[in-house]
Each structure stands twice: as structure tokens, then as C-alpha cells.
Amino acid sequence: MAHGKFATVINCMDGRTQLPVETWMMRTFGVDYVDTVTEPGPNGILAKGDQRHTEIIKEMVEISVKKHGSHCVVIVGHYDCAGNPGPKEMQVDHVKKAMEVVRSWGLDVHLHGVYVDEFWMVHPIE
Ligand SMILES: [Zn+2]
């Protein structure tokens with residue numbers, strides 16, 4: 001098992017979302033490292049059931065969980081997403097649906113959803 005405490009994020013490939021989410025996760029969950037799985041608009045990919053990309057995301061998350069011992073997976077939706085364009089309401093809805101998909105994988109993890117706003121502030125989704 002790797003040293004240090006890991007968590008996992010399924011984030012957009014958008015460079016603007018990386019540091020805010022990683023920093024928020026380190027503070028919120030007290031982890032040393034954040035394994036980062038990126039796709040363009042991954043909340044949309046998972047919510048819409050894109051099989052090919054979903055399988056790739058799953059493989060990466062499983063490596064983080066099984067090899068790094070991550071117990072925490074965060075799914076991100078954000079403002080001005082080029083890969084999954086749409087308003088906040090849609091982003092939040094897609095994060096919730098994506099959480100259901102990840103939950104169905106049966107991993108021993110706590111799942112969290114967040115929305116990153118136009119000021120690149122991170123907001124937990126209920
Ligand atoms: Zn995006």
C-alpha cells in the first residue's frame with residue numbers, strides 16, 4: 001500500500017477546476033494526495049451512460065481505491081464546462097446521476113458531489 005492518505009476525484013480536464021478541487025479535498029478530508037481522473041465533463045459522461053468512457057473512468061478509480069487505499073471519491077460539475085455545457089442546475093443533476101453510477105460499482109468509498117462556480121469556489125452538493 002502506498003504511503004500517505006489518498007482520495008480520488010473524477011474531475012473535468014478543465015485546468016481551472018484542478019487546484020480549487022484538490023485544495024478543497026485536502027482541507028475537507030485531510031488527505032495528503034488526490035488521485036485525479038479527468039475527462040471533458042465527466043459528470044455528463046457518467047450521467048448519460050457513455051459506456052466506453054465510463055469503463056475507462058471506472059478502471060482509473062479502481063486503481064486509486066485498490067492500490068492507494070482511497071476511501072473517498074468526489075465527482076465534479078462546474079461553471080462554463082466546454083465538455084458538458086449547461087447551467088448549474090444541469091451540472092448538479094448530472095453529478096447526482098453520476099454518483100448513482102459510481103455507487104453501483106460497489107466500491108468501499110464515501111461518495112461526494114461538488115459544483116465549482118464562476119469564482120472557482122467549490123460547493124458540496126447535498
Ligand atoms: Zn468542464
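A residue counts as buried when its relative accessible area is under 20%, as exposed when it is over 50%, and as partly exposed in between. These legends describe a predicted model.

**Figure 1. Five strands line up in an open sheet.**
Their order is 2-1-3-4-5, and the pairing is mixed. Strand 2 (33-39) and strand 5 (122-125) stand at the edges. Each of these two has a single partner strand, so one of its sides is left without a neighbour in the sheet. On average, neighbouring strands of this sheet are turned by 30° against each other, direction ignored. In general, the strands of a sheet are paired through backbone hydrogen bonds, in parallel or antiparallel fashion.

**Figure 2. Strand 4 meets strand 5.**
Strand 4 covers residues 110-116. The pairing with strand 5 is antiparallel and runs over four bridges. Look for Y115: the bridge partner of this residue in strand 5 is H123.

**Figure 3. Helix 1 and helix 4 against the sheet.**
Helix 1 lies across strand 1, strand 2, strand 3, strand 4 and strand 5. Against strand 1, helix 1 runs at about 150°. Helix 4 also packs on the sheet. The strands touched by helix 4 are strand 1, strand 3, strand 4 and strand 5. The direction of helix 4 makes about 165° with that of strand 4.

**Figure 4. R16 joins a network of salt bridges with D14 and D80.**
The structure holds four salt bridges. One of them brings together the side chains of R16 and D14, at 2.8 Å from N to O. With a relative accessible area of 11%, D14 falls under the 20% cut-off and is therefore buried. R16 is partly exposed, at 36%. R16 also forms a salt bridge with D80, where the closest N and O atoms are 3.2 Å apart. This pair links distant parts of the chain, 64 residues apart. R16 sits in the loop between strand 1 (6-12) and helix 1 (18-29). D80 sits in the loop between strand 3 (72-78) and helix 4 (88-103). D80 is partly exposed, with 45% relative accessibility.

**Figure 5. A salt bridge within helix 4.**
Here E100 pairs with R103, and the closest N and O atoms are 2.6 Å apart. Both residues lie in helix 4. They are three residues apart, about one turn of the helix. Are the two partners buried or exposed, or in between? E100 has a relative accessible area of 47% and is partly exposed. R103 has a relative accessibility of 45%, between the 20% and 50% cut-offs, so R103 is partly exposed too.

**Figure 6. N84 and the residues around it.**
N84 lies in the loop between strand 3 and helix 4. With a relative accessible area of 2%, N84 is under the 20% cut-off and so counts as buried. Which side chains make polar contacts with the side chain of N84? K48 is one of them, at 3.2 Å. H94 is another, at 3.1 Å. Leaving aside residues up to four places away in sequence, N84 touches G41, N43, G44, K48, M90, Q91 and H94.

Conventions. Residues numbered from 1 in each chain as written. Predicted model: local features only at pLDDT ≥ 70, side-chain atom pairs only at ≥ 80, totals over all residues. Heavy atoms only, no water. Buried < 20%, exposed > 50% of the residue type's maximum accessible area, 1.4 Å probe, protein only. Polar contact = N/O pair within 3.5 Å; in protein donor to acceptor, adjacent residues only side chain to side chain. Contact = heavy atoms within 4.5 Å. Pairing = 2+ DSSP bridges. Axes fitted to C-alpha atoms, helices over the stretch in contact; angles between N-to-C directions.
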